[in-house]
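Here are my notes on the model you sent over. I've kept them as numbered points so you can go through them with the structure open.

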Amino acid sequence: QVQLVESGGGLVQPGGSLRLSCVASGSISSINAMGWYRQAPGKERELVAVISSGGFRNWADSVKGRFTISRDNAKNTAYLEMNSLKPEDTAVYYCNADVFDGLGRLRRYWGQGTQVTVSS
């Protein structure tokens with residue numbers, strides 16, 4: 001089994017910054033893509049950013065230029081650096097990872113989510 005644990009969420013004023021972390025642990029052989037999604041109240045979950053094992057990145061248009069995704073493969077950890085935060089960034093942020101386990105099976109895992117609230 002694989003677990004993903006997010007941290008770093010909280011309350012921040014508009015224009016502020018936060019850094020989210022996502023640590024994967026358990027029966028991991030290797031990790032392909034890792035991504036961050038978010039879900040605001042009353043809205044569907046949407047992609048924020050994704051990074052491949054080789055470092056290729058993609059972002060939602062709404063966060064380009066403000067958010068940066070990175071990862072440390074040695075630590076099975078992904079990060080989301082969020083700058084110039086806006087009230088519309090308020091949401092629960094979820095991490096996911098496409099993991100090869102010890103038996104060579106590929107499966108997507110999700111974290112439990114971390115709340116980000118942007119408000120004055």
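**Notes on the predicted model**

1. Surface first. The protein chain exposes about 6300 Å², and carbon and sulfur atoms supply 48% of it. Keep in mind throughout that this is a predicted model. As for the interior, 40% of the 120 residues of the protein chain count as buried.

2. Overall make-up. There are 11 strands and zero helices in the protein chain, so the pattern along the sequence reads β-β-β-β-β-β-β-β-β-β-β. The radius of gyration is 14 Å, close to the 14 Å from the globule rule for 120 residues, so the chain is as compact as a globular protein of that length. Along the principal axes, the C-alpha atoms fill a box of roughly 50 × 25 × 25 Å. Taking the contacts with a separation of 6 or more, 55% come from residues 24 or more positions apart.

3. The core. The largest nonpolar core holds 30 residues, and those with the most contacts inside it are Met34, Trp36, Val48, Phe67, Leu80, Met82 and Tyr93. Many elements feed into this core: strands 1 (2-7), 3 (18-26), 4 (30-39), 5 (46-51), 7 (67-72), 8 (77-82), 9 (91-100) and 11 (114-118) each give two or more residues. Which strand gives the most to this core? That would be strand 9, with five residues.

4. Val48 is a good place to look inside the core. Setting aside residues up to four places away in sequence, Val48 touches Trp36, Tyr37, Arg38, Asn58, Trp59, Ala60, Val63, Phe67, Leu80 and Tyr93. Of these partners, Trp36, Phe67, Leu80 and Tyr93 also appear with Val48 among the residues that have the most contacts inside the core.

5. The disulfide. How many disulfides does a search of the whole structure find? The search turns up one, joining Cys22 to Cys95 with an S to S distance of 2.0 Å. The link is left-handed, at -75° about the S-S bond. This pair ties together distant parts of the chain, with Cys22 in strand 3 and Cys95 in strand 9, 73 residues apart. Both Cys22 and Cys95 are buried.

6. Ser21, next door. Ser21 is also found in strand 3. Is Ser21 buried or exposed? Its relative accessibility is 16%, so Ser21 counts as buried, the cut-off for buried being under 20%. Beyond its neighbours within four places in sequence, Ser21 is in contact with Val5, Glu6, Ser7, Trp36, Ala78 and Tyr79.

7. Tyr37 and strand 9. Tyr37 lies in strand 4. Its C-alpha atom is 5.7 Å from that of Tyr93, although the two residues are 56 apart along the chain. Apart from residues up to four places away in sequence, Tyr37 touches Arg45, Glu46, Leu47, Val48, Val92, Tyr93, Tyr94, Asn96, Arg108 and Trp110.

8. Tyr109. This residue sits in strand 10 (residues 106-110), and at 11% relative accessibility Tyr109 counts as buried. If we leave aside neighbours within four places in sequence, the contacts of Tyr109 are Gln1, Val2, Leu4, Cys95, Asn96, Ala97 and Val99, so one half of the disulfide pair, Cys95, is within 4.5 Å of Tyr109 by heavy atoms. Tyr109 and Ala33 are 76 residues apart in sequence, with their C-alpha atoms 11 Å apart in space.

9. Thr114. Its place is in strand 11, and a relative accessibility of 12% makes Thr114 count as buried. A polar atom of the Thr114 side chain lies 3.3 Å from the backbone nitrogen of Gly9. Outside its neighbours within four places in sequence, Thr114 is in contact with Glu6, Gly8, Gly9, Leu20, Ala91, Val92 and Tyr93.

10. Gly65, for contrast. Gly65 is in the loop between strand 6 (57-59) and strand 7. With 85% relative accessibility, Gly65 counts as exposed. The C-alpha atoms of Gly65 and Asn83 are separated by 8.7 Å, and the two residues are 18 apart along the chain.

Technical notes:
Residues are numbered from 1 along each chain as its sequence is written. This is a predicted model: local features need pLDDT of at least 70, side-chain atom pairs count only at pLDDT 80 or more; totals for chains, interfaces and linings use all residues. Side-chain values use heavy atoms; hydrogens and water are left out. A nonpolar core is a set of buried Ala, Val, Leu, Ile, Met, Phe, Trp, Tyr and Cys residues joined through side-chain atoms within 4.5 Å. Buried means under 20% relative accessible area, exposed over 50%, partly exposed in between (1.4 Å probe, protein chains only). Helices (H or I, at least four residues) and strands (E, at least two) are DSSP runs, numbered from the N terminus. A disulfide is a pair of cysteine sulfur atoms within 2.5 Å. The radius of gyration is taken over C-alpha atoms; the globule rule is 2.2 Å times the number of residues to the power 0.38. Accessible areas come from the Shrake-Rupley method with a 1.4 Å probe; for residues, only the protein chains shown count as cover. A polar contact is a pair of N or O atoms within 3.5 Å; within protein, one must be able to donate a hydrogen and the other to accept it, and residues adjacent in sequence count only if both atoms are side-chain atoms.
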